[in-house]
Amino acid sequence: MDMSQQISSPNHEIAVYLAAIWDGLKDQITPFLSVLYIDDTIYRMLDSHGRRYIARKFMEHTREAVMYCRDGNRGDRHYLGPPRYFIANGGVIHSPDGLEPIWAMNDGLNTRLESVAACQPTVPLKPTKIPRPPNAYILYRKDRHNLVKAANPGITNNEISQILGRAWNQESRDVRQKYKQMSEEIKIALLEKHPDYQYKPRKSSEKRRRTRRSQQAHAILVDANLAAPDDDAVEGHSVTSV
DNA sequence: GTGAATGAAAT
DNA sequence: ATTTCATTCAC
């Protein structure tokens with residue numbers, strides 16, 4: 001191998017350059033980190049290839065599709081992370097110019113979803129979590145949930161469940177059969193789309209324990225570039241789709 | 001995350 | 001026989 005040839009090649013220089021940038025960025029990585037903070041200066045040094053390179057390196061850590069987002073509150077900050085990270089806790093992804101997505105937390109007043117940018121995975125990702133198909137009662141409850149709520153202002157979901165649980169047990173075999181039929185069709189459709197689907201309940205010990213950090217506290221952590229354990233959020237295997 | 005109902009599917 | 005998780009969303 002002719003090393004001198006490689007060292008002098010532009011490609012090699014670029015590779016070294018990108019590797020150096022990644023080297024600096026990866027200092028942020030902890031086992032729980034799900035979003036990478038990238039200073040605007042660094043971000044602008046990267047062209048599309050460079051950004052793709054960094055994204056790929058980071059995906060190797062997150063095992064999820066990631067996207068870039070500019071900080072909606074501070075234009076000089078960029079983040080790289082799974083779309084679900086930006087969406088969580090009322091966050092929205094703006095893309096006013098249709099090009100560069102901007103992430104902002106929902107203040108309930110003047111944030112609106114303009115458009116959502118897509119991103120394409122380039123490394124093997126964690127398999128998507130396929131939701132369990134709903135049973136007959138779940139479909140029945142879903143159907144009547146809004147009706148019961150409208151008829152009983154201030155009613156809680158638990159009360160709705162109690163009411164519809166009784167209603168379900170009183171329902172004619174016709175109605176029950178109708179929903180049973182629906183649930184079976186949905187299940188068949190699911191198996192058709194995901195032939196390898198299999199229900200995999202976790203042990204209760206595997207369920208999420210830590211109570212969620214407040215939105216505000218979380219925003220502060222992110223802003224201080226201390227974004228932490230917000231992400232073992234993936235039960236067993238899954239990616240929240242956007 | 002929990003609760004509150006039912007039921008499918010796993011353990 | 002027991003447990004998880006599908007739906008909903010205030011708490």
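Which side chains meet in a salt bridge with an N to O distance of 3.6 Å? I began my notebook with that one, and I found Glu-184 and Lys-180. I should say at once that I am working with a predicted model.

**Entry 1: salt bridges**

I looked up the total, and the structure holds 5 salt bridges. Glu-184 and Lys-180 sit 4 residues apart in helix H8, so about one helical turn separates them. I then checked how open they are: Glu-184 is partly exposed at 30% relative accessibility, and Lys-180 is partly exposed at 41%.

Next I went to Arg-44, which forms a salt bridge with Asp-40. Their closest N and O atoms are 3.0 Å apart. Both residues belong to helix H3 (residues 40-45), where 4 residues, about one turn of the helix, lie between their positions. Is each partner buried or exposed? I noted Arg-44 as exposed, at 61% relative accessibility, while Asp-40 is buried with a relative accessible area of 14%.

My third pair was Arg-84 with Glu-64, whose closest N and O atoms are 2.8 Å apart. Arg-84 lies in helix H5 (residues 83-87) and Glu-64 in the loop between helix H4 (48-62) and strand S2 (67-71), so this salt bridge ties together parts that are 20 residues apart in sequence. Arg-84 is buried at 13%, and Glu-64 is buried at 2%.

**Entry 2: a histidine beside Asp-40**

I came back to Asp-40 and found another partner. The side chain of His-78 makes a polar contact with the side chain of Asp-40, at 2.8 Å. I traced His-78 to strand S3 (residues 77-81). With a relative accessible area of 1%, His-78 is buried.

**Entry 3: aromatic rings**

How many aromatic pairs does a search of the whole structure find? I wrote down 7. One of them joins Tyr-85 and Phe-86 edge-to-face, with 5.8 Å centre to centre and 85° between the planes. Tyr-85 is buried at 3% relative accessibility, and Phe-86 is buried at 0%.

I also looked up Trp-168 and Tyr-179, which pair edge-to-face at 6.3 Å centre to centre, with 75° between the planes. Trp-168 is in helix H7 (residues 157-170) and Tyr-179 in helix H8 (residues 173-193), so the pair ties together parts that are 11 residues apart in sequence. Both Trp-168 and Tyr-179 are buried. Following the ring pairs, I saw that they link Tyr-137, Tyr-140, Trp-168 and Tyr-179 into a cluster.

Arginines turn up over rings too. I found Arg-51 over the face of Tyr-43, 3.8 Å from the ring centre. Arg-132 lies over the face of Tyr-199, at 3.5 Å from the ring centre.

**Entry 4: DNA strand C**

Which residues come nearest to DNA strand C? Of the 16 around the strand, I listed Arg-132, Asn-157, Tyr-199, Arg-202 and Ser-204. By class, this surface has 8 charged, 4 polar and 4 nonpolar residues. Helix H6 (residues 136-151) gives the most to it, with 5 residues.

Then I asked what part of the strand is met. Of its atoms within 4 Å of the protein, 71% belong to sugar or phosphate and the rest to bases. I picked out three side chains:

- Arg-141 has an N or O atom 2.9 Å from a base oxygen of DNA strand C.
- Asn-157 has a polar side-chain atom 2.3 Å from a sugar or linking oxygen of the strand.
- Arg-202 has an N or O side-chain atom 2.7 Å from a phosphate oxygen of the strand.

Key. Residues are numbered from 1 along each chain as its sequence is written. Chains are lettered from A and ligands numbered from 1 in the order in which they are written. This is a predicted model: local features need pLDDT of at least 70, side-chain atom pairs count only at pLDDT 80 or more; totals for chains, interfaces and linings use all residues. Side-chain values use heavy atoms; hydrogens and water are left out. A residue is near a molecule or strand if one of its heavy atoms lies within 4 Å of it. A polar contact is a pair of N or O atoms within 3.5 Å; within protein, one must be able to donate a hydrogen and the other to accept it, and residues adjacent in sequence count only if both atoms are side-chain atoms. Helices (H or I, at least four residues) and strands (E, at least two) are DSSP runs, numbered from the N terminus. Ala, Val, Leu, Ile, Met, Phe, Trp, Tyr, Cys and Pro count as nonpolar, Asp, Glu, Lys and Arg as charged, and the others, Gly among them, as polar. Rings of Phe, Tyr and Trp (its six-membered ring) pair if their centres lie within 6.5 Å; planes under 30 degrees apart count as stacked, over 60 as edge-to-face and the rest as tilted. Buried means under 20% relative accessible area, exposed over 50%, partly exposed in between (1.4 Å probe, protein chains only). A charge sits over a ring if NZ of Lys or CZ of Arg is within 6 Å of the ring centre and within 35 degrees of the ring normal. A salt bridge is a side-chain nitrogen of Lys or Arg within 4 Å of a carboxyl oxygen of Asp or Glu.
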